[in-house]
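Me: Got a minute to go through this structure with me? I'd like to start with one of the helices and then hop around a bit.

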Amino acid sequence: RGGYGGERGYNSGKGDRRHYDQTGRREVVKVGVYFGTFDPVHENHFALATFLIERGVLDQIHFVPNLSTPSKPTVTDIDFRKQMITTRIECEEVAKRTMFVYNVTADTQLNWSGRNAICRQVLGSVRHSKPGCSVRMYQVMGQDRFESETTQASLSNESVRRQLKRTLLIVPRLEQGRVVQVNVSHALRPVVEVVQGYQDPMEISSTAIRRQLRANPRSCPEGLHPIVHKFILQYQSPTRGGADGADGADG
């Protein structure tokens with residue numbers, strides 16, 4: 001039912017060592033779960049993840065590719081997308097130590113309840129690999145998704161908010177080069193943080209990349225890493241359709 005079996009080297013712990021800082025206090029590990037379609041994974045996805053790691057906002061990021069849904073029925077095969085994300089992660093040493101791919105399977109539930117279960121499993125895995133650490137969980141989410149009617153309706157339910165057990169890390173969108181203020185209600189302030197200082201390096205989307213690949217498969221579109229492009233050419237083309245983007249910055 002999902003997890004880390006068979007995925008790229010999740011076990012970051014070394015033996016049963018306890019984790020404390022130089023003052024003797026327990027180490028705090030900040031872990032982000034990044035849900036999205038990633039069809040295909042592009043450089044804005046990776047730029048956001050890298051920013052959050054390099055700025056110390058998070059210590060680990062776990063990519064969780066979405067399955068197909070009635071609103072996104074033609075999304076590319078889940079195993080292909082998991083391996084594609086892994087291929088991009090393997091390009092950089094820091095990413096290999098801090099970024100992971102959750103093993104979504106056909107029966108993985110990705111509604112709020114299912115996402116809660118995934119976050120609990122990630123939490124348990126991190127605690128197991130870093131015994132003695134205090135783990136703080138976050139969910140990376142773009143402003144558009146956060147402010148959508150569906151999300152706001154769900155989060156207006158106090159029971160849903162109690163079951164989160166994580167902070168929603170909201171990535172603001174840009175309009176005409178300016179950051180748009182994220183609207184956070186009083187009730188949601190205890191469970192929401194807004195990312196400061198991030199800006200997508202380019203204006204791209206998964207939809208635009210798929211369109212370019214359909215037009216000229218051999219040409220690497222702007223915003224797609226050459227290694228990912230090579231992977232797509234070698235294994236499977238995502239140009240048959242698919243859903244746009246991710247819950248993060250743009251998708």
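Reply: Sure. This is a predicted model. In helix α9, residues 226–235, the buried residues are V228, H229, F231 and I232.

Me: How are those arranged around the axis of α9?

Reply: The buried residues cover an arc of only 160° around the axis, which puts them on the same side of α9. In general, an α-helix has 3.6 residues a turn, so residues three or four places apart point the same way.

Me: And which exposed residues are on the face turned away from that buried side?

Reply: That face of α9 carries P226 and Q234, both exposed.

Me: What do the buried residues of α9 pack against?

Reply: They pack against two helices, α2 (78–89) and α8 (206–215).

Me: OK, α8 then. Which of its residues are buried?

Reply: In α8 the buried ones are S206, I209, R210 and L213. Looking down the axis of α8, you'd find them within an arc of 100°, so they line one face of the helix.

Me: What does that buried set touch?

Reply: The buried residues of α8 pack against α9 and also α1 (43–54).

Me: Back to α2 for a sec. I've got F80 selected, which sits in that helix. Is F80 buried or exposed?

Reply: F80 has 6% relative accessibility, and the cut-off for buried is under 20%, so F80 counts as buried.

Me: How far is F80 from P40, in sequence and in space?

Reply: F80 and P40 are 40 residues apart in sequence, and their C-alpha atoms are 9.7 Å apart.

Me: Switching to strands. How many residues of β5 are buried?

Reply: Five of the five residues in β5 (residues 167–171) are buried, so the strand is largely enclosed by the rest of the structure.

Me: Which way do the β5 residues point?

Reply: T167, L169 and V171 point one way from β5, while L168 and I170 point the other way, and all are buried. As a general rule, side chains in a regular strand alternate between the two faces of the sheet.

Me: What about the β4 pairing, parallel or antiparallel, and how many bridges?

Reply: Strand β4 (residues 134–142) runs parallel to β5, and five bridges join the two. One of the details there: Y138 has T167 in β5 as its bridge partner.

Me: And how many bridges join β5 to β8?

Reply: Three bridges link β5 to β8 (residues 192–194), and that pair runs parallel. I170 stands opposite V194 in β8.

Note on methods: Residues are numbered from 1 along each chain as its sequence is written. This is a predicted model: local features need pLDDT of at least 70, side-chain atom pairs count only at pLDDT 80 or more; totals for chains, interfaces and linings use all residues. Side-chain values use heavy atoms; hydrogens and water are left out. Buried means under 20% relative accessible area, exposed over 50%, partly exposed in between (1.4 Å probe, protein chains only). Helices (H or I, at least four residues) and strands (E, at least two) are DSSP runs, numbered from the N terminus. Two strands pair if DSSP finds at least two bridges between them. The arc is that of the directions from the helix axis to the C-beta atoms. Contact means heavy atoms within 4.5 Å.
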